[in-house]
Amino acid sequence: MQFIKAQTLFLIGIAGALLMVTTMEFQRKAERNGLTTVQDSIPKLDSTTGLKIAPGFDMVRAQCTACHSSRLILQYRATREGWKERIRWMQQKQNLWDLGENEPIILDYLAKNYGPEKKEVRREPLQPIEWYKLNSK
């Protein structure tokens, strides 16, 4: 009985090692081909603001959340031009300071990470099909 347990543990160990080597090989191949893993493609979020951590994040956090909650960013989607209009409105109506050379960085971040959501495009409905009868023998 003890021999069977030892054999089972040995086989489980071998299977685990094979799985690990195979996974590492797939990872290396993906990296060589310029692919990322699924984990790498999931955006990382800041635990405090909920904003995506990406180039420009620190600037947005410093400039935008100094006055308002990050939820205003999270709930609003716009193109780069739409975000620029929103900034101009805040400058005119809410006394937002001139962002200067930081503005393009902020606009790039907002447009890339909080641009308009892409809607799924469905195919056109099928047109009525003229069915035919099969001859049965």
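Buried means under 20% relative accessible area, exposed means over 50%, and partly exposed covers what lies in between. The exercises below use these cut-offs on a predicted model.

**Exercise 1. Burial of Asp-108 and its partner**

Task: Classify Asp-108 as buried, partly exposed or exposed from its relative accessible area, then do likewise for Arg-80 and describe how the two side chains meet.

Solution.
- Step 1. Asp-108 has a relative accessible area of 45%, so it is partly exposed.
- Step 2. Arg-80 has a relative accessible area of 37%, so it too is partly exposed.
- Step 3. The side chains of Asp-108 and Arg-80 form a salt bridge, with 2.3 Å from N to O.
- Step 4. Asp-108 belongs to helix H6 and Arg-80 to helix H5; the pair is 28 residues apart and links distant parts of the chain.

**Exercise 2. Two further salt bridges**

Task: The structure holds four salt bridges. For Glu-117 with Arg-77 and for Glu-103 with Arg-88, give the closest N and O separation, then place and classify each residue.

Solution.
- Step 1. Side chains of opposite charge can pair when their charged atoms come close.
- Step 2. In the salt bridge of Glu-117 with Arg-77, the closest N and O atoms are 3.6 Å apart. The cut-off is 4 Å, so the pair qualifies.
- Step 3. Glu-117 lies in the segment after H6 and Arg-77 in the loop between H4 and H5, so this salt bridge ties together parts 40 residues apart in sequence.
- Step 4. Glu-117 is exposed because its relative accessibility is 57%. Arg-77, with a relative accessible area of 33%, is partly exposed.
- Step 5. For Glu-103 and Arg-88, the closest N and O atoms of the salt bridge are 2.7 Å apart.
- Step 6. Glu-103 is in helix H6 and Arg-88 in helix H5, so the pair ties together parts 15 residues apart in sequence.
- Step 7. Glu-103 is buried because its relative accessibility is 9%, whereas Arg-88, at 29%, is partly exposed.

**Exercise 3. Helix H5**

Task: Compare the span of H5 with the expected one, name its buried residues, and state what covers them.

Solution.
- Step 1. H5 comprises residues 80–93, which is 14 residues.
- Step 2. From first C-alpha to last, H5 reaches 20 Å, close to the 20 Å expected at 1.5 Å a residue.
- Step 3. The buried residues in H5 are Gly-82, Trp-83, Ile-87, Met-90 and Gln-91.
- Step 4. Their cover includes helix H4 (71–75) and helix H6 (103–113).
- Step 5. Gln-91 has a side-chain polar contact of 3.0 Å with Arg-88. Not counting residues up to four places away in sequence, Gln-91 touches Leu-96, Trp-97, Asp-98, Leu-99 and Glu-103.
- Step 6. Just after H5, Asn-95 has a positive phi of about 60°.

**Exercise 4. Helix H3 and the largest nonpolar core**

Task: Determine how the buried residues of H3 are arranged around its axis, and which helix gives the most to the largest nonpolar core.

Solution.
- Step 1. Phe-57, Val-60, Gln-63 and Cys-64 are the buried residues of H3.
- Step 2. These residues cover an arc of only 145° around the axis, so they are on the same side of H3.
- Step 3. H4 and H6 are among the elements covering them.
- Step 4. The largest nonpolar core has 16 residues, and Val-60, Ile-73 and Leu-110 have the most contacts inside it.
- Step 5. At least two residues of this core come from each of H3, H5 and H6. H6 gives the most, with four residues.
- Step 6. Apart from neighbours within four places in sequence, Val-60 is in contact with Leu-51, Thr-65, Ile-73, Ile-106, Tyr-109 and Leu-110.

**Exercise 5. A loop threonine**

Task: Decide whether Thr-49 is buried or exposed, and list the polar partners of its side chain.

Solution.
- Step 1. Thr-49 sits in the loop between helix H2 (38–41) and helix H3 (57–64).
- Step 2. The relative accessible area of Thr-49 is 11%, so Thr-49 is buried.
- Step 3. Its side chain makes a polar contact of 2.8 Å with the side chain of Asp-46. The Thr-49 side chain also reaches the backbone nitrogen of Leu-51 at 3.1 Å.
- Step 4. Leaving aside neighbours within four places in sequence, Thr-49 is in contact with Phe-57, Arg-61, Ser-70 and Leu-74.

How values were computed:
Residues are numbered from 1 along each chain as its sequence is written. This is a predicted model: local features need pLDDT of at least 70, side-chain atom pairs count only at pLDDT 80 or more; totals for chains, interfaces and linings use all residues. Side-chain values use heavy atoms; hydrogens and water are left out. The expected span of a helix is 1.5 Å times one less than its number of residues. Buried means under 20% relative accessible area, exposed over 50%, partly exposed in between (1.4 Å probe, protein chains only). Contact means heavy atoms within 4.5 Å. A polar contact is a pair of N or O atoms within 3.5 Å; within protein, one must be able to donate a hydrogen and the other to accept it, and residues adjacent in sequence count only if both atoms are side-chain atoms. The arc is that of the directions from the helix axis to the C-beta atoms. A nonpolar core is a set of buried Ala, Val, Leu, Ile, Met, Phe, Trp, Tyr and Cys residues joined through side-chain atoms within 4.5 Å.
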